[in-house]
Amino acid sequence: MKEQLVSIILPTYNRSELIKRCVNSVLNQTYNNWELIISDDGSKDETPVVVRECTKLDPRIKAKINEVNHGTPSNRNIGLSLAKGSLIFFIEDDLILFPDCVETLVNTYNSLVSSGIKVGAVVPRLLEDNPISHINADLHKKEATEKKLPFVFNKWTGEVYNNYTEDFNEVQETVTGHACCLYNRSALEEIGGYEEKAYKGTYSREETDLNFRLRKAGYKFFFQPKAASEHRKIKTGGSRQSNEFKFYYYHMRNHVVFLIRIFGIQAMYMVPCFIANVGFRLLKNIYKKP
């Protein structure tokens with residue numbers, strides 16, 4: 001089982017300055033049975049040129065250059081459709097994988113499956129300077145750290161607070177994962193991959209949608225802190241919104257869509273709770289400014 005093929009899927013858009021750094025971290029993996037599929041989503045900069053250069057570094061690296069921009073969820077599905085591996089590892093262009101990241105993820109997955117567990121994904125630890133994107137989420141981080149939780153799910157608002165930078169020294173089941181997990185390919189195919197039409201703009205919540213549909217299908221998620229990557233976030237390229245108004249608009253819009261799609265009738269109370277919570281945090285943030 002250790003020799004199973006891992007398809008590493010790297011979707012990218014207007015990130016020409018980051019690609020090689022990420023690709024080099026894949027080339028340095030201790031696990032060798034992988035293929036890397038780089039899917040450029042109609043970039044306007046030099047990304048397609050850099051991607052083609054990367055394919056010359058190793059025959060295991062393949063490129064898909066899209067002529068138009070399809071959006072993050074569709075681009076991930078395009079990569080998935082080209083993959084040959086039984087395990088799928090989605091990564092991002094601002095990630096730098098630690099050398100044993102893939103090997104640790106695969107070994108963890110195999111160990112869990114051999115114990116009879118229906119594994120949907122194994123979630124690696126991400127090291128980053130600002131792991132929590134929600135405004136004033138210190139309370140949730142404190143709760144997550146005290147309870148040793150990589151993710152905290154708010155049952156009233158449906159929000160997921162991230163605490164995946166912590167090393168809890170052991171593999172543990174978790175409620176969901178982030179955007180860069182090692183997935184069971186057959187599980188992804190069973191639920192139809194990423195939802196391509198529901199989410200817009202920043203495409204936030206498309207990975208949470210995917211993960212919660214896997215949960216509904218009976219699959220479980222496990223956090224493996226010993227499989228680590230460095231997440232060097234930048235403010236440009238990709239699907240990031242530099243305009244603060246657009247960022248909050250799409251954050252709220254996509255989350256409401258997520259609640260309605262995943263929770264059905266429960267969304268009748270979750271949507272108002274979410275909107276009220278966001279409004280409270282925004283007001284609190286405004287009054288905090290000098």
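Which residue of β4 does Ser 7 stand opposite? In this predicted model, select Ser 7 and look across to β4, where the residue standing opposite is Ile 88. Widen the selection to the two strands concerned, and you will find that β1, which spans residues 6–12, pairs with β4 in the parallel sense over four bridges.

Next, keep β4 on display and add strand β10, residues 182–184, which pairs with β4 in the antiparallel sense over three bridges. To pick out one contact in this pairing, select Leu 87, whose bridge partner in β10 is Asn 184.

Now show the side chains of β4 itself, residues 87–90. In a regular strand the side chains alternate between the two faces of the sheet. Here Leu 87 and Phe 89 are on one side, whereas Ile 88 and Phe 90 are on the other, and all of these residues are buried, so that both faces of the strand are covered.

From the strands, turn to the backbone of two loops. Most residues other than glycine have a negative phi, and the next two selections have positive values. Follow the chain beyond β1 and select Asn 14, which lies in the loop between β1 and α1 (19–27); its phi is near 55 degrees, a positive value in a residue other than glycine.

Finally, go to the loop between α6 (185–191) and α7 (206–216), and select Arg 205. Although Arg 205 is not a glycine, its phi is positive, at about 85 degrees. Is this residue buried or exposed? Arg 205 has a relative accessible area of 9%, and because this value is under the 20% cut-off, Arg 205 counts as buried.

How values were computed. Residues are numbered from 1 along each chain as its sequence is written. This is a predicted model: local features need pLDDT of at least 70, side-chain atom pairs count only at pLDDT 80 or more; totals for chains, interfaces and linings use all residues. Side-chain values use heavy atoms; hydrogens and water are left out. Buried means under 20% relative accessible area, exposed over 50%, partly exposed in between (1.4 Å probe, protein chains only). Two strands pair if DSSP finds at least two bridges between them.
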